[in-house]
Structure formats: C-alpha cells, structure tokens
Amino acid sequence: MSTFIYFFWLLLLLLVTITFTKRFQTSKINLPPGPQKLPIIGNLHNLDGLLHICLQKLSKTYGPVMKLHFGFVPIVIVSSNKAAEEVLKTHDLDCCSRPETIATKKISYNFKDIGFAPYGEEWRALRKLAVIELFSLKKLNSFRYIREEENDLLVKKLSEASQKQSPVNLKKALFTLVASIICRLAFGQNLHESEFIDEDGMEELASRSEKLQAKFAFSNFFPGGWIVDRITGQSKSLEGLFSELDDFFNQVLDDHLKPGRSVLESPDVVDVMIDMMNKQGGDGSFKLTTDHIKGIISDIFLAGVNTSATTILWAMTELMRNPSVMKKVQDEVRTVLGESRQRITEEDLNQLNYFKLVIKETFRLHPTAPLLLPRETMSPIKVRGYDIPKKTQIMINVYAIARDPKLWENPDEFKPERFSDISVDYRGLNFELLPFGSGRRICPGMTMGIAMVELGLLNLLYFFDWVLPEGTTVKDIDMEEEGAVIISKKAPLELVPICPR
Ligand code: HEM
C-alpha cells in the first residue's frame with residue numbers, strides 16, 4: 001500500500017511539474033495575434049465565405065502573421081511579402097512539410113505522391129525523380145507538338161462556332177483544351193478517342209477530385225472527429241469519390257501494362273514511370289511502386305488541369321472587362337506575328353512583350369491556389385518576431401499579398417503596364433507575386449503550366465475577336481469565385497468568337 005501511495009504522489013508531482021513548466025514556457029513565447037477563439041470550435045465561427053478572402057479581411061485587423069484555430073488545430077496565416085520570404089526562404093527547410101489530413105492521405109495513396117507527402121527521404125526521392133524525368137525542359141519540349149496540336153483543334157472548333165456566330169462556353173472549351181493536353185502527355189489518352197473517358201467524364205472527375213481534396217472532415221480538426229464523420233456520412237462520401245478516381249487511374253495503368261503495347265516516340269509520364277519501376281535494381285533505399293505511379297498521376301490530374309485552364313479563363317475575363325488592354329495586346333500579337341498565319345507555334349511567344357505582361361497581371365489578380373498548399377513546421381521558428389511552434393500549419397495568403405495596397409498601386413485594377421518598369425516576376429523569387437509558391441515545395445509543373453497558358457491565350461487572341469452575346473454587357477460578367485484549394489471562376493464565360501479576316 002505504501003508503495004502505491006509513493007507512486008501516486010510521484011505521478012502527481014510529475015504532472016504538476018509538467019503543467020507548470022508548460023505554463024512557464026507558453027508565457028515566455030511570443031505567439032502571433034489572432035481573433036478570440038471559442039471552446040472546441042476555435043475560430044471556425046470567424047470563417048465565412050471563401051477562405052482566402054475571409055483571411056485577407058481578418059489580417060487587416062490582426063496583422064500579416066496571425067494565428068487561428070480550426071477546431072483544435074492551430075494555423076498561422078501569413079499575409080505579407082516579408083513574412084512570406086521568412087517562411088519560404090529563410091526557414092524553407094523547417095517549413096517544407098505538409099499537414100496530413102484524411103482526404104489528402106486517401107487521394108495521395110497514403111502519401112505516395114509529391115504534393116501531399118510530408119517532407120522526408122521518400123518525398124525527396126520522388127520529387128527529384130519527377131523533376132528530372134517528368135518535368136524537365138527536355139520533356140517539356142518533347143511534348144510541344146501535343147500542346148500545339150490540341151490548340152489547333154480548339155481553333156478549328158472555335159472557327160466553326162464563329163461561322164454560326166454562336167456563343168462559346170469558354171470555361172468548358174479551355175478545360176477541354178488543358179485536359180486533352182494533360183491526358184495525352186501524362187496518361188497517353190487521347191480524350192477525343194479514349195475508350196474509357198470522354199470530355200464530359202473528365203470534367204466531372206476533375207470537379208469531384210477538387211471536392212475530395214477539400215473535404216472538410218471533423219477528424220482533421222477534432223480529436224475523435226472520425227465518429228462525427230462516420231455519422232454524417234462524410235467518410236462514406238470520401239470513399240465513394242476516391243473509388244471513382246481510383247477506377248480511372250487503374251484503367252490508365254492497365255492500359256499501359258497491356259501486353260504488346262508499343263511506346264510512342266515520346267513516351268508519356270506513365271510509360272516513363274513504369275519503365276523506371278521495371279528497371280530499378282535491388283539496391284538503394286527508395287523503391288518506386290504502382291502506388292507511387294498512381295500518386296503522381298493523381299497529382300498531375302489535380303494540380304495541372306484546373307489551374308492552367310482557369311488562368312486562361314481569368315485572362316480572357318479581364319480582357320473583356322478592359323477593352324483598351326484587349327486592343328493593345330491584340331495589336332501587338334497581330335503586328336508581331338503578321339496577319340496571315342495559319343497556325344501558331346511556341347516559338348512565336350518569344351517576341352511578345354505586352355502579352356507577357358497581361359499574363360503576369362492575370363497571375364497577380366487571380367492566383368488559382370490563393371493559399372498555396374498548407375505547410376507544416378518541422379521545428380520551432382520565428383517569423384517577424386513571432387514564435388511558431390513545431391508541427392504548426394502555415395498558410396501563405398498569396399492572394400492578399402498580390403493585392404496589398406502597400407505593394408501595388410490600385411491593386412484591384414487589371415493594369416499589365418504596372419509591370420513594364422519593374423522586374424518582378426512570378427517564378428518564386430519575388431515574394432510579392434507567388435502564384436506557383438516558392439522554395440522546396442514550389443510547383444514543379446510551373447514551366448508546363450506557363451507553356452499551356454501562354455499558347456492557349458495566344459491562339460484565342462490571334463485568331464479571333466471576341467464579343468459578348470447579344471443582350472449582355474460587360475457589367476453582366478460574373479466575377480464570383482468558387483472552390484477550396486484551387487479556386488476557379490464560378491460562372492462560365494460565354495463569348496462569341498469572330499474571325500477578323
Ligand atoms: C497555371 C498553372 C499552375 C499553377 C498556378 C500552379 C500552382 C501551384 C502551387 C501554388 C503549388 C503549391 C506550391 C507551394 O506549396 O509552395 C503547386 C504545387 C504543385 N503543382 Fe502546380 N500549378 C500549376 C500547374 C501545374 C502543372 C501543369 C502540374 C503538373 C503537370 C503541377 C504539379 C504540381 C505538383 C506536383 C505540386 C506539389 C509540389 C510539392 O508539394 O512538392 N502544377 N502548384
């Protein structure tokens with residue numbers, strides 16, 4: 001009995017010591033400010049509407065480094081270029097992991113991918129392999145003919161619409177353009193001829209995957225939340241969405257593993273990965289598996305299609321709202337390329353200056369991943385003097401930074417000229433403009449994304465003039481956004497293409 005009492009008191013003393021030490025430590029650290037949290041829900045009551053816009057508003061009150069609680073999970077939001085530089089450059093290595101959620105675990109085949117996997121040996125090996133074998137300049141160039149052919153096809157379809165003077169749903173047309181390019185170069189699937197997926201099926205699948213990624217699950221934010229997820233059916237719907245995606249990826253893989261399949265002169269991404277998997281020796285620690293291949297297919301599908309298509313759509317939307325910019329860019333394009341071209345190639349892009357500024361301004365006003373993908377700290381860091389403990393989620397609000405009036409004059413206006421005298425670029429080195437992120441987790445598909453956006457927009461501007469359908473005016477153009485991680489334009493953009501010649 002006396003031994004029991006002795007241990008009991010020892011345990012009590014230990015608990016008291018831990019509590020006091022913790023209190024002492026907490027009182028010494030300088031945590032970022034933030035709105036008052038409520039028990040259990042934390043700051044969820046402060047979040048209303050699109051997250052990036054809501055967080056932009058809150059940061060006007062609480063500053064560029066603020067702390068919120070999503071349920072039980074502390075999240076730090078960064079909304080200035082200086083703080084973003086500290087996170088993504090100074091502390092890049094300490095901040096380059098990703099938080100693990102139920103949905104991302106599922107969609108990434110248990111983190112066997114690049115986008116959602118936490119930082120570690122496996123992620124490093126996979127990212128290195130992808131950067132060299134899948135996203136290199138050589139690979140990008142080898143797929144150039146696919147981008148050009150798919151653009152030619154779009155121009156053909158738009159020319160038919162222009163003869164009938166019928167409006168085109170540009171959101172759908174651009175989604176099909178980018179999805180067709182990605183499906184050919186990554187999965188070897190020609191969307192116009194595929195046996196198991198067509199354009200509509202593809203659009204449906206992409207919107208489902210976006211929903212899957214963004215699924216709000218109680219289990220992510222509350223201890224024991226899996227019970228709520230079971231009761232509300234959240235877990236079942238996650239499983240359902242995932243199994244549809246998985247069926248598609250299995251079909252892609254099976255198609256590549258069919259005996260007698262001949263690999264074309266430019267093997268697609270899946271061919272390259274299957275080849276690497278078959279050739280790998282028994283040595284070395286990292287082993288490529290079919291789950292890694294599916295994880296990467298899933299990344300490319302999720303990260304590549306909506307982002308690029310939406311960027312071209314926003315560029316066209318802004319140009320329609322700003323006719324003088326539209327005139328100036330079309331004048332440049334047609335003067336530089338001449339009036340009588342039958343088709344456009346990527347070489348034509350080199351000579352265009354104002355056109356490139358239009359794209360820059362589109363990336364500034366409409367970053368498709370306005371909060372990037374969330375990071376997680378691997379050790380304690382200091383940002384702008386505030387302490388951020390280990391295992392804290394960090395979101396960088398690149399949307400808020402790109403519209404910060406301290407950095408940009410009339411930030412909400414679409415004015416490509418603002419870039420003519422400054423050397424700010426969007427490739428991850430200037431922290432006031434980060435549509436592709438920065439640091440170790442920067443978008444590896446950036447060059448491919450830019451190539452698709454530039455060629456797509458150039459074709460639209462060179463071959464057609466654009467007018468709004470009869471009875472509508474510029475004021476009717478709906479600018480509302482939708483989405484969770486990747487934000488797209490909610491309403492379709494209906495325009496009539498006119499052949500100028
Ligand atoms: C306009 C087009 C695109 C935009 C705006 C974009 C933007 C982004 C952003 C903001 C991130 C997060 C970066 C960070 O956390 O710092 C990202 C990550 C990623 N993107 Fe892109 N992206 C585009 C196109 C593509 C394409 C075409 C692909 C592949 C074919 C791709 C593949 C990826 C992957 C795999 C990641 C995860 C990287 C990692 O966590 O290591 N993206 N992208």
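This section describes the fold, the ligand shell and selected local features of a predicted protein model.

The protein comprises 501 residues, of which 42% are buried. Its secondary structure consists of 18 helices and eleven strands. Contacts across long stretches of sequence are frequent in the count. Of the contacts with a separation of 6 or more, 73% join residues 24 or more positions apart.

Confidence was examined along the chain. The mean pLDDT is 88, and 89% of the residues reach 70 or more. Residues 1–10 fall below 50, and beyond near neighbours in sequence this stretch makes zero contacts in the model. A second stretch, residues 16–25, also has pLDDT under 50. For residues 16–25 the model has zero contacts beyond four places in sequence. Where pLDDT is low, predicted coordinates should not be read in detail.

The ligand is surrounded by 26 residues. Those that come nearest are Gly304, Gly437, Cys443, Gly445 and Gly449. Two elements give two or more residues to this shell: helix H14 (290–321) and helix H18 (446–463). Helix H14 gives the most, with seven residues. By class, the shell holds 13 nonpolar, ten polar and three charged residues.

An open sheet is formed by four strands in the order S1-S2-S7-S4, with mixed pairing. Strand S1 (65–70) and strand S4 (375–376) stand at the edges. Each has a single partner strand, so one side of each is left without a neighbour in the sheet. Within the sheet, strand S2 (residues 73–78) and strand S7 (residues 393–396) pair in the parallel sense. Four bridges support this pairing. Ile77 stands opposite Met395 of S7. Helix H3 (residues 81–90) packs on the sheet and touches S1, S2 and S7. The direction of H3 makes about 130 degrees with that of S7.

Strand S11 (residues 494–498) pairs with two further strands, described in turn. Strand S3 (residues 168–169) and S11 are antiparallel and share two bridges. Here Val168 stands opposite Leu495 of S11. Strand S8 (residues 465–467) also runs antiparallel to S11, and three bridges join the pair. Asp465 has Ile498 of S11 as its bridge partner. In a regular strand the side chains alternate between the two faces of the sheet. The two faces of S11 differ in cover. Leu495 and Pro497 form the covered face, whereas Glu494, Val496 and Ile498 form the uncovered one. Leu495 thus belongs to the covered face and stands opposite Val168. Ile498 lies on the uncovered face and is the partner of Asp465.

A loop position was also examined. Ser266 is found in the loop between helix H12 (234–257) and helix H13 (269–279). Ser266 has 17 C-beta neighbours inside 10 Å and therefore counts as partly exposed. Leaving aside neighbours within four places in sequence, Ser266 is in contact with Ser142 and Phe143. Ser266 and Phe143 are 123 residues apart along the chain, yet their C-alpha atoms are separated by 7.3 Å.

Notes:
Residues numbered from 1 in each chain as written. Predicted model: local features only at pLDDT ≥ 70, side-chain atom pairs only at ≥ 80, totals over all residues. pLDDT = per-residue confidence, 0-100. Contact = placed C-beta atoms within 7 Å. Near = placed C-beta within 6 Å. Nonpolar A, V, L, I, M, F, W, Y, C, P; charged D, E, K, R; others polar. Buried ≥ 20, exposed ≤ 12 C-beta atoms within 10 Å, placed from the backbone. Pairing = 2+ DSSP bridges. Axes fitted to C-alpha atoms, helices over the stretch in contact; angles between N-to-C directions.
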